[in-house]
Amino acid sequence: MTDRDTQTSEDDLLLIADAAVVARCSPATLRRWEARGLITAGRTPGGGYRVFRRGDLEKLAQLAPTRATS
């Protein structure tokens, strides 16, 4: 982890299900984006669950095309 990771508040870190809501995509999409290097996920100590920074997700949500709703 970088210095930025250690300065991030735990309130700003989201597990993948919550992160997907913020990014307006599915958890599988977040995993693909991580694999492609489009977003960085940290890991929780012990369990190793993916955590994402809220700010990174909000930036991605702004870049993603808007979805029309019916």
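The following exercises, each with a worked solution, concern a predicted model of a single chain.

**Exercise 1. Overall architecture**

Determine how many helices and strands the chain has, and state the order of its elements from the N terminus.

*Solution.* The chain has four helices and three strands. Read from the N terminus, these elements follow the order α-β-α-α-β-β-α. Burial can then be added to this outline: of the 70 residues of the chain, 33% count as buried. The contacts complete the overview. Among those with a separation of 6 or more, 53% are accounted for by residues 24 or more positions apart.

**Exercise 2. Packing of α2 against α3**

Classify the relative orientation of helices α2 and α3, and identify which residues make the contact.

*Solution.* Step one is the geometry: the axes of α2 (residues 16-23) and α3 come within 8 Å and cross at roughly 90°. Since angles of 65 to 115 degrees count as roughly perpendicular, α2 is therefore roughly perpendicular to α3. Step two is the list of participants. Helix α2 contributes I16, A19, A20 and A23, while α3 contributes P27, L30 and R31. Step three is the chemical character of this contact: six of its residues are nonpolar, none is polar and one is charged.

**Exercise 3. Salt bridges**

Find how many salt bridges the structure holds, and give the closest N and O distance for the pair formed by R50 and for the pair formed by R53.

*Solution.* The structure holds two salt bridges. In one of them, R50 pairs with E34, and the closest N and O atoms are 2.5 Å apart. This pair links distant parts of the chain, with R50 in strand β3 (residues 50-53) and E34 in helix α3 (residues 27-36), 16 residues apart. R50 has a relative accessible area of 24%, so this residue is partly exposed.

In the other bridge, R53 pairs with D56, and the closest N and O atoms are 3.0 Å apart. To classify the partners, apply the cut-off for buried residues, which is under 20% relative accessible area. R53 has a value of 13% and is therefore buried; D56 has a value of 14% and is therefore buried. As a general point, side chains of opposite charge can pair when their charged atoms come close.

**Exercise 4. The surroundings of I39 and L60**

Locate I39 and L60 in the chain, decide whether I39 is buried or exposed, and list the contacts of each residue beyond its neighbours within four places in sequence.

*Solution.* I39 lies in the loop between α3 and β2 (42-43), whereas L60 is found in helix α4 (residues 54-63). With a relative accessible area of 6%, I39 is buried. L60 likewise counts as buried, at 15% relative accessibility.

Next, compare sequence separation with distance in space. I39 and L60 are 21 residues apart in sequence, and their C-alpha atoms are 8.5 Å apart. L60 and V22 are 38 residues apart along the chain, with 9.2 Å between their C-alpha atoms.

Finally, leaving aside neighbours within four places in sequence, I39 is in contact with L30, W33, E34, F52, D56, L57 and L60. Under that same exclusion, L60 is in contact with W33 and I39.

**Exercise 5. A polar side chain in α3**

Establish whether T29 is buried or exposed, and name the side chain with which T29 makes a polar contact.

*Solution.* T29 has its place in helix α3. The relative accessible area of T29 is 15%, so this residue is buried. The side chain of T29 makes a polar contact with the side chain of R32, at 3.0 Å.

How values were computed:
Residues are numbered from 1 along each chain as its sequence is written. This is a predicted model: local features need pLDDT of at least 70, side-chain atom pairs count only at pLDDT 80 or more; totals for chains, interfaces and linings use all residues. Side-chain values use heavy atoms; hydrogens and water are left out. A salt bridge is a side-chain nitrogen of Lys or Arg within 4 Å of a carboxyl oxygen of Asp or Glu. Helices (H or I, at least four residues) and strands (E, at least two) are DSSP runs, numbered from the N terminus. Buried means under 20% relative accessible area, exposed over 50%, partly exposed in between (1.4 Å probe, protein chains only). Contact means heavy atoms within 4.5 Å. A polar contact is a pair of N or O atoms within 3.5 Å; within protein, one must be able to donate a hydrogen and the other to accept it, and residues adjacent in sequence count only if both atoms are side-chain atoms. Axes are lines fitted to C-alpha atoms, for helices over the stretch in contact, and angles run from 0 to 180 degrees between N-to-C directions. Angles under 35 degrees count as roughly parallel, over 145 as roughly antiparallel, 65 to 115 as roughly perpendicular and the rest as oblique. Ala, Val, Leu, Ile, Met, Phe, Trp, Tyr, Cys and Pro count as nonpolar, Asp, Glu, Lys and Arg as charged, and the others, Gly among them, as polar.
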